[in-house]
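Please have the sequence and the 3D view open side by side as you read. We will walk through the structure together, one region at a time.

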Amino acid sequence: MKTKQFKISEILQWQPQREIDPLKINELTIDGKYTYPFYGQATLNHGIISYETLTPDVLNNKDGKPTILIHSNNQNIVYLETPFYLKDGHGATSVLQSNMLNEKNALYIITCIKKVITKKFAYNDKATKIALKNTYIELPVTNTGKIDYSFMEERIRELEEERIRELEEERIRELSAYLSISGLDSYELNSSEKDTIKQFQDNKVKYKVYKLGEGNERLFDISSPKKRFNANTVTFGGRYPYVVRSSLNNGIRGYITQDECYLNPAKTISFGQDTATIFYQEKPYFTGDKIKVMSYRDCELNPELACYLLTVMRKAFQNFAWGQSSFNENVLKNMEISLPVDSNDNIYFPYLPRFIKAQEKLSIKGVVEWKDKIINTSKKCIQK
């Protein structure tokens with residue numbers, strides 16, 4: 001590929017522009033069928049401040065020609081193909097057009113301009129119109145030395161198609177990772193999971209209220225740890241999780257090694273007093289201050305059952321805030337949650353893991369569909 005240096009003024013022509021004082025928007029607003037973007041020098045949302053319907057005499061680019069805007073203050077560059085309004089900046093925005101310009105080659109040209117002006121200019125050394133007109137950029141040329149617009153368009157298409165392939169490969173990797181982490185082969189619901197979701201959606205699930213740690217039908221045995229370890233006296237870098245009242249990382253502050261007789265049992269729930277932080281601890285663990293250990297009474301906890309219970313418990317805890325001294329062990333024991341039951345009013349254990357698995361699959365399906373939407377939208381943009 002041959003390249004050649006060109007002044008920006010040799011490839012793009014400066015256009016007259018109409019600028020608006022934002023304080024006069026209301027008096028310029030009219031009733032009309034169309035709204036158009038109102039551009040400023042912001043870097044967010046492509047510089048679009050709002051969409052307005054204003055009097056025709058302040059409208060730029062009425063024919064909707066391919067246009068490039070270069071803002072002198074921040075060197076932000078925008079491509080558009082619509083009429084637009086422009087915020088008053090005392091001529092700080094350059095409005096550029098060319099009969100050869102289209103969406104593809106404009107992206108290439110913008111990249112070449114940005115590569116130069118972001119190094120050449122700064123806020124205190126602005127990219128004024130005079131400075132821009134005399135700025136050189138490097139563009140591909142044909143064998144006869146003319147700007148090779150065809151090459152630029154083809155190169156942009158290649159990059160766009162390459163990005164689509166990357167997105168598709170990324171989708172496959174992410175799906176595989178989500179399924180692997182969840183222990184799933186597919187995100188498609190099986191018949192029992194579909195029935196479970198339908199029961200839930202149709203309000204056909206029977207519930208019963210249980211206290212967390214009080215009474216004969218309590219769900220948990222709630223106890224204090226065998227020993228609490230002060231974070232200021234332990235040495236981190238050991239073998240077992242050290243659980244505190246943090247809401248981060250499953251409550252695990254780090255890993256320590258202490259006398260194993262003080263380990264709390266695996267497959268229990270750690271509850272942080274005052275903070276109401278609750279986490280399923282799959283492995284044996286040591287604790288810090290104000291941690292309670294919640295052991296499920298009816299069976300051994302597994303990740304699915306724990307996930308269901310934790311979700312319902314967190315919903316019950318949502319009226320409590322960090323540091324509320326009223327949220328003590330007695331309050332915890334008397335907290336009530338509702339769980340699905342069978343026809344005999346016993347907790348319907350088969351329902352709980354099925355519901356969680358179904359939710360996991362639906363979540364993965366939602367991510368996959370969102371990714372597909374991004375890919376399909378990208379493809380449509382490329383095909384324009």
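What follows is a tour of aromatic rings, one open sheet with its helix, and the cysteines.

Please keep in mind along the way that this is a predicted model.

Let's begin with the rings. A pair of aromatic rings is described by the distance of the centres and the angle of the planes. The structure holds 15 aromatic pairs. Take Tyr36 and Tyr85: their ring centres lie 6.2 Å apart and their planes meet at 70°, so this pair is edge-to-face. It also ties together distant parts of the chain, since Tyr36 belongs to strand E4 (residues 36-39) and Tyr85 to strand E8 (residues 85-87), 49 residues apart. Is Tyr85 buried or exposed? With a relative accessible area of 2%, Tyr85 is buried.

Another edge-to-face pair is made by Phe236 and Tyr242, with 5.7 Å from centre to centre and 70° between the planes. The two partners differ in how they are covered: Phe236 is partly exposed at 36% relative accessibility, whereas Tyr242 is buried at 1%. Rings can also gather in a group, and here Phe200, Tyr308, Tyr348, Tyr351 and Phe355 form one aromatic cluster.

Some rings have a lysine for company. Lys133 lies over the face of Trp14, 5.3 Å from the ring centre. In a similar way, Lys227 places its charged end over the ring of Tyr262, at 5.1 Å from the centre of that ring.

Now turn to the sheet. Strands of a sheet pair through backbone hydrogen bonds, either parallel or antiparallel. In this open sheet, four strands follow the order E12-E18-E15-E16, and their pairing is antiparallel. Which strands stand at the edges? They are E12 (220-223) and E16 (277-281); each has a single partner strand, so one side of each is left without a neighbour in the sheet. Ignoring direction, neighbouring strands here are turned by 25° against each other on average.

Strand E18 (residues 291-296) is a good place to look at the pairing in detail. With E12, E18 pairs in the antiparallel sense over four bridges, and Phe220 has Tyr296 of E18 as its bridge partner. With E15, E18 again pairs in the antiparallel sense over four bridges; here the bridge partner of Ser270 is Val293 in E18. E18 is also mostly covered, with five of its six residues buried.

Next, look for the helix that goes with this sheet. Helix H7 (residues 303-317) lies across E12, strand E15 (268-272), E16 and E18. Relative to E16, H7 runs at about 175°.

Cys307 falls within the residue range of H7, and it brings us to the cysteines. How many disulfides does a search of the whole structure find? The search finds zero. For Cys307, the closest cysteine sulfur is that of Cys299, and because the two sulfurs are 15 Å apart, they are too far for a bond. Cys307 is partly exposed, with a relative accessible area of 35%, while Cys112 is buried at 14%.

Note on methods: Residues are numbered from 1 along each chain as its sequence is written. This is a predicted model: local features need pLDDT of at least 70, side-chain atom pairs count only at pLDDT 80 or more; totals for chains, interfaces and linings use all residues. Side-chain values use heavy atoms; hydrogens and water are left out. Rings of Phe, Tyr and Trp (its six-membered ring) pair if their centres lie within 6.5 Å; planes under 30 degrees apart count as stacked, over 60 as edge-to-face and the rest as tilted. Helices (H or I, at least four residues) and strands (E, at least two) are DSSP runs, numbered from the N terminus. Buried means under 20% relative accessible area, exposed over 50%, partly exposed in between (1.4 Å probe, protein chains only). A charge sits over a ring if NZ of Lys or CZ of Arg is within 6 Å of the ring centre and within 35 degrees of the ring normal. Two strands pair if DSSP finds at least two bridges between them. Axes are lines fitted to C-alpha atoms, for helices over the stretch in contact, and angles run from 0 to 180 degrees between N-to-C directions. Contact means heavy atoms within 4.5 Å. A disulfide is a pair of cysteine sulfur atoms within 2.5 Å.
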